[in-house]
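Here is a friendly briefing to read alongside the model. Please keep the sequence and the structure open as you go.

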Amino acid sequence: MAGDTVRLYTRQNDKTLLMLEHGGRILNQRVYVQLHFGDMAKHYLDCYDWFAREAAKLVPKPDYAELPIWCAVEAGRCLPPEPGTVVYVVDILKEKVIYFDDGKWDYVLNHHYLPASPDDEKAYRKHLADCGFTNGFEFFEGRYANKFPDEMRRIEESWSRVFDVNMASPTLCGNIWEIPKESIVRIVRPGEKVTE
């Protein structure tokens with residue numbers, strides 16, 4: 001780690017090498033999510049769009065960026081390169097990193113309420129039961145989809161806790177809006193190891 005930068009690691013499709021060569025930076029575009037997730041793309045894009053809106057409140061989003069780039073904060077937490085991918089090892093200015101808890105991200109992906117504490121979770125379950133609901137998932141998909149906007153808002157507001165992080169947590173991740181060519185320390189190819 002150098003001065004006011006942090007080292008991050010991200011596995012990306014090897015086609016990003018062309019983006020880097022021709023544009024001088026790597027960006028994450030919505031179309032990549034559509035191509036990667038196919039039939040499930042709308043679900044993921046809804047979640048990623050929410051994340052992008054909230055992340056932009058923490059670290060301003062450049063006009064040319066659409067979605068943030070997921071990064072590991074340690075080499076050992078980064079997926080290794082496999083055929084068709086590379087890992088970028090980058091040094092990024094600290095103020096450009098959006099830290100979040102990847103364990104909490106699962107609540108967003110599954111459209112669940114993200115409790116602030118065990119007591120908050122218990123209170124939320126009681127709230128659901130008092131209202132006659134068996135779960136909160138169906139406010140987004142299923143029999144109650146879009147019929148209870150106040151409940152949907154309550155769940156979405158809880159998701160901001162994904163940015164409440166413990167910097168020593170094994171589920172800590174960092175997102176960035178772009179990977180400028182000059183920030184790349186090393187490109188790791190299939191068969192090579194991702195190291196610090």
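The notes below cover the cores, the surface, the cysteines and the salt bridges.

This is a predicted model, in which local features need pLDDT of at least 70 and side-chain atom pairs count only at pLDDT 80 or more, while totals for chains, interfaces and linings use all residues. Residues are numbered from 1 along each chain as its sequence is written, and side-chain values use heavy atoms, with hydrogens and water left out.

**Nonpolar cores**

- The largest nonpolar core (buried Ala, Val, Leu, Ile, Met, Phe, Trp, Tyr and Cys residues joined through side-chain atoms within 4.5 Å) has 32 residues, and Trp50, Phe51, Trp105, Phe139, Val162 and Phe163 touch the most other members.
- Elements that each supply at least two residues of this core include α3 (41-58), β5 (98-101) and α6 (149-158); helices (H or I, at least four residues) and strands (E, at least two) are DSSP runs, numbered from the N terminus.
- Helix α3 gives the most to this core, with 7 residues.
- Leaving aside residues up to four places away in sequence, Phe51 has contacts (heavy atoms within 4.5 Å) that include Pro68, Trp70, Phe100 and Asn175.
- A second, separate core holds 16 residues, among them Leu20, Ile26, Val73 and Val86.

**A loop residue**

- His111 lies in the loop between α4 and α5, and has a positive phi of about 55 degrees although it is not a glycine.
- His111 counts as buried because its relative accessibility is 7%; buried means under 20% relative accessible area, exposed over 50%, and partly exposed in between (1.4 Å probe, protein chains only).

**Cysteines**

- The structure holds 0 disulfides, a disulfide being a pair of cysteine sulfur atoms within 2.5 Å.
- The sulfur of Cys173 is 8.7 Å from the closest cysteine sulfur, in Cys71, so the two are too far apart for a bond.
- Cys173 is buried at 12% relative accessible area, whereas Cys131 is partly exposed at 40%.

**Salt bridges**

- The structure holds 11 salt bridges, each with a side-chain nitrogen of Lys or Arg within 4 Å of a carboxyl oxygen of Asp or Glu.
- Glu54 and Lys57 form one of them (3.0 Å, N to O); they are separated by about one helical turn because they sit 3 residues apart in helix α3.
- Within that pair, Glu54 is buried at 18%, while Lys57 is exposed at 61%.
- Asp150 and Arg153 also pair up (2.4 Å, N to O), and both lie in helix α6, 3 residues apart.
- Asp150 is exposed at 54% relative accessibility, and Arg153 is partly exposed at 43%.
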